[in-house]
Amino acid sequence: MRTSKPHSEIAPKGYQGFLQVVRYLQGSGLDHGLLHLVEVRASQLNGCAFCMDMHATAALEGGESQRRLNLLAAWREAPVFTDRERAALAWTEALTELGRHRVDGALYAATSAHFTEQELVDLTYAIALINAWNRLGVGLQPDLPPDKTEVPA
């Protein structure tokens with residue numbers, strides 16, 4: 001199923017509302033690299049190819065290493081992530097897969113040990129937003145943009 005036009009054209013006011021939250025998060029003070037990791041990980045869990053491609057590309061352009069992106073799905077086992085990143089990724093997984101994970105006081109305490117109250121709220125907004133974008137991407141199946149690194153045959 002694909003819409004006849006991009007959802008941003010069919011429902012521009014809704015799309016602009018999403019972009020307002022994006023702009024807020026970009027200015028929130030949360031590290032953009034951390035936000036990229038959260039966006040890619042949630043998109044992996046949700047199976048959103050469009051968002052995985054977009055956010056992995058943005059992460060690389062923002063200075064993230066290919067190695068860390070390759071290891072993101074195995075972040076618990078890979079020693080290349082900081083404790084703060086691990087806390088954010090655990091929080092991301094719990095809030096993305098609410099039916100599989102328990103969001104309890106222990107997880108909240110473990111996460112809030114690495115984030116101020118404001119940062120935790122902003123991180124939660126970021127997770128909620130990427131999950132909403134993922135539902136648009138999975139549901140409406142937008143075309144992937146062309147790969148700028150591919151050399152035409």
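**Exercise 1.** In this predicted model, classify tyrosine 24 as buried, partly exposed or exposed from its relative accessibility, and state which surface patch includes Tyr24.

*Solution.* Begin with the relative accessibility of tyrosine 24, which is 37%. Buried would require a value under 20% and exposed a value over 50%, so tyrosine 24 counts as partly exposed. Next, place the residue in the fold: tyrosine 24 lies in helix H2, which covers residues 12–26. Finally, turn to the surface, where Tyr24 together with Val121 and Tyr125 makes a nonpolar patch of about 290 Å².

**Exercise 2.** Determine how the rings of phenylalanine 18 and tryptophan 133 are arranged, and which helices their pair links.

*Solution.* The structure holds four aromatic pairs. For phenylalanine 18 and tryptophan 133, the ring centres are 4.8 Å apart and the planes stand at 70°, so this pair is edge-to-face. The pair joins distant parts of the chain, since phenylalanine 18 belongs to helix H2 and tryptophan 133 to helix H8 (residues 117–140), with their positions 115 residues apart. As for cover, phenylalanine 18 is partly exposed at 25% relative accessibility, whereas tryptophan 133 is buried at 15%. Phe18 and Trp133 also form one aromatic cluster with Tyr15.

**Exercise 3.** Work out the geometry of the aromatic pair formed by tryptophan 91 and tyrosine 108, and decide whether each residue is buried or partly exposed.

*Solution.* The centres lie 6.1 Å apart with 70° between the planes, an edge-to-face arrangement. Tryptophan 91 sits in helix H6 (residues 83–96) and tyrosine 108 in helix H7 (residues 105–112), 17 residues apart. With 6% relative accessibility, tryptophan 91 is buried, while tyrosine 108, at 40%, is partly exposed.

Methods. Residues numbered from 1 in each chain as written. Predicted model: local features only at pLDDT ≥ 70, side-chain atom pairs only at ≥ 80, totals over all residues. Heavy atoms only, no water. Patch = residues over 30% accessible without salt bridge, like charges linked within 9 Å, V, L, I, M, F, W, Y side chains within 5 Å. Areas by Shrake-Rupley, 256 points an atom, 1.4 Å probe, with all protein chains shown as cover. Salt bridge = Lys/Arg side-chain N within 4 Å of Asp/Glu carboxyl O. Helix = DSSP H or I, 4+ residues; strand = E, 2+ residues; numbered from the N terminus. Buried < 20%, exposed > 50% of the residue type's maximum accessible area, 1.4 Å probe, protein only. Phe/Tyr/Trp six-rings, centres within 6.5 Å; stacked < 30°, edge-to-face > 60°.
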